[in-house]
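Thanks for making the time this morning. I would like to walk through one part of this structure strand by strand, and then step back to another chain.

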Amino acid sequence: MERSIQRPRPLLAALSVVAGLLGGCASTSSTQATGSNATASNEAISDPLEGMNRFIFSVNLAGDKLVLRPAAELYRFAVPRVGRDMVRNFLDNLETPVILANDLFQGEFERAVTTSSRFVINTTLGFAGVADPATNMGFVRHEEDFGQTLGSYGVGPGPYLMLPIFGPSNLRDAGGKVVDHFLDPVNQYAHNTDRDYLTLVRSGMSAVDSRERAIETLDDIERSSIDFYATIRSLYLQRRAADIRNGEAPAFPDIDMTDEPPKSATTAMKSE
Amino acid sequence: MLPRRVLLLLAGAFFLALGFSQAAPAAAETPEQFVGVLGEEAIRVLGDAKLTPEQRTEEFRRLLDKGFNMPLIGQLVLGRHWRTATEAQRSEYLKLFEDFIVQTYSVRLGQYNGETFRIAGGRAAPDNTGDTLVTTEIVRPNGPPVRVDWRVRKNGETLKVVDVIAEGISMLITQRDEFAAVIQNSGGKVDALIDRLRRRQL
């Protein structure tokens with residue numbers, strides 16, 4: 001019964017949810033427009049390691065089938081939705097320091113105020129973050145990470161990478177992930193007090209929670225794809241480009257431009 | 001008496017006709033109205049529990065043909081391979097492409113869950129296509145609302161959707177990237193894609 005209640009969502013909504021998950025971003029992006037007008041849509045995808053990436057993807061899928069998906073289904077079965085939302089809120093709240101740092105790196109001071117307000121409100125009134133009263137007070141969550149910060153300074157995505165366990169990424173975002181890891185005060189605390197397992201527990205919880213939210217969506221995409229790997233790659237790269245544009249619509253794929261031979265990686269690096 | 005009434009009638013008819021002829025251009029749909037009507041109709045079809053899955057699929061195909069420029073979308077999805085395709089390949093591909101979309105999305109049609117949508121506004125696309133981006137917010141019963149932009153193109157007097165962008169992700173680009181990968185991994189042969197699409201119909 002619960003399955004049918006949970007079962008999302010028409011067509012498009014589903015896609016964006018999973019894309020959010022894949023981009024490590026569960027919330028909707030802000031509609032704040034930027035001046036930049038990236039033409040990611042007309043750029044050739046850079047995936048020089050496609051063979052290796054496809055192999056890692058298939059290993060990840062096998063791991064998902066054996067471990068992550070069953071864990072997500074168990075989680076859905078064992079914890080009611082209210083509880084799962086609390087888990088998500090708590091994990092989201094733990095992420096706010098890193099989001100704040102990246103807001104500041106990008107000079108997005110209004111967003112930084114939103115992020116800090118969320119942290120103060122949800123940590124206190126929200127009982128250490130399990131509730132999210134800040135959203136109702138007008139402080140809506142957004143996501144930022146160091147990969148996006150680099151992107152906002154014009155660093156292109158570089159080659160696409162399928163990371164073991166972590167999933168889709170690219171050179172820029174994988175590097176950003178490492179930076180974010182060290183920026184994170186909880187990770188620092190865990191490391192300095194010899195409690196590194198805390199980082200693992202937290203990542204594990206986050207993975208299971210995100211996977212639970214995407215069960216139907218990922219099934220749906222897999223079923224409707226003729227090349228699942230290529231679809232996930234496209235969704236991930238588009239999602240990241242959209243996050244860096246802070247939600248502005250992508251350029252329209254021009255038939256004349258797609259007739260051209262694939263563009264070089266340098267063009268891709270510059271114009272994003 | 002009679003001529004006067006006839007005259008009045010004629011005058012009335014004349015003004016009515018005038019009114020209509022003036023009303024006609026004024027009533028030309030804006031892109032926002034067009035998306036609104038399309039969305040209402042989609043929700044009506046999705047929410048109609050009396051329809052069989054087959055009827056729903058047919059209704060979906062009808063809406064797709066009415067509201068979307070499918071030949072253009074199909075052509076852009078094929079991207080640079082369109083140019084090298086033969087006339088026969090093109091027409092078979094376009095037919096298979098539409099079937100593929102109908103099939104893909106009609107699987108999801110049974111999952112309608114009471115979502116509603118709200119037109120949030122329209123603006124000129126930030127490029128030189130002359131398109132309008134109509135922004136809608138899909139409100140879901142569980143989960144945050146999703147922003148969907150509809151790229152609407154005017155061709156003569158008719159409006160058609162040419163791309164759907166969910167949270168910044170273009171459906172057209174996603175499909176194009178996937179098809180391009182299939183073709184690339186088959187040595188650049190469009191026939192390989194056509195074959196894959198054909199086999200999916202079974």
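Asp149 of chain B stands opposite Ile165 in strand β4 of chain B, and I start from that pair because the model, which I should stress is predicted, places it in one of the strand pairings I want to describe. Strand β3 of chain B, residues 146–155, pairs with β4(B), residues 158–166, in the antiparallel sense, and eight bridges are found between them. These two strands make a hairpin with two residues between them, and in that turn Gly156(B) has a positive phi of about 65°.

Turning to the other partner, β3(B) also pairs with strand β2 of chain B, residues 132–139, again in the antiparallel sense, here over seven bridges. In this pairing Ile138(B) stands opposite Val146(B), which belongs to β3(B). The hairpin of β2(B) and β3(B) has six residues between the strands, and Gly143(B) takes a positive phi there, near 110°.

How enclosed, then, is β3(B) by the rest of the structure? Of the ten residues in this strand, seven are buried, meaning that each has 20 or more other C-beta atoms within 10 Å of its own, and so the strand is largely enclosed.

Let me finish with chain A, for which I have overall figures. Chain A contains 14 helices and two strands, and of its 272 residues, 45% are buried. If we take the contacts in chain A between residues at least 6 apart in sequence, 74% of them join residues at least 24 apart.

Methods. Residues are numbered from 1 along each chain as its sequence is written. Chains are lettered from A and ligands numbered from 1 in the order in which they are written. This is a predicted model: local features need pLDDT of at least 70, side-chain atom pairs count only at pLDDT 80 or more; totals for chains, interfaces and linings use all residues. A residue is buried if 20 or more other C-beta atoms lie within 10 Å of its own, exposed if 12 or fewer, and partly exposed in between; C-beta atoms are placed from the backbone. Helices (H or I, at least four residues) and strands (E, at least two) are DSSP runs, numbered from the N terminus. Two strands pair if DSSP finds at least two bridges between them. Two residues are in contact if their C-beta atoms, placed from the backbone, lie within 7 Å.
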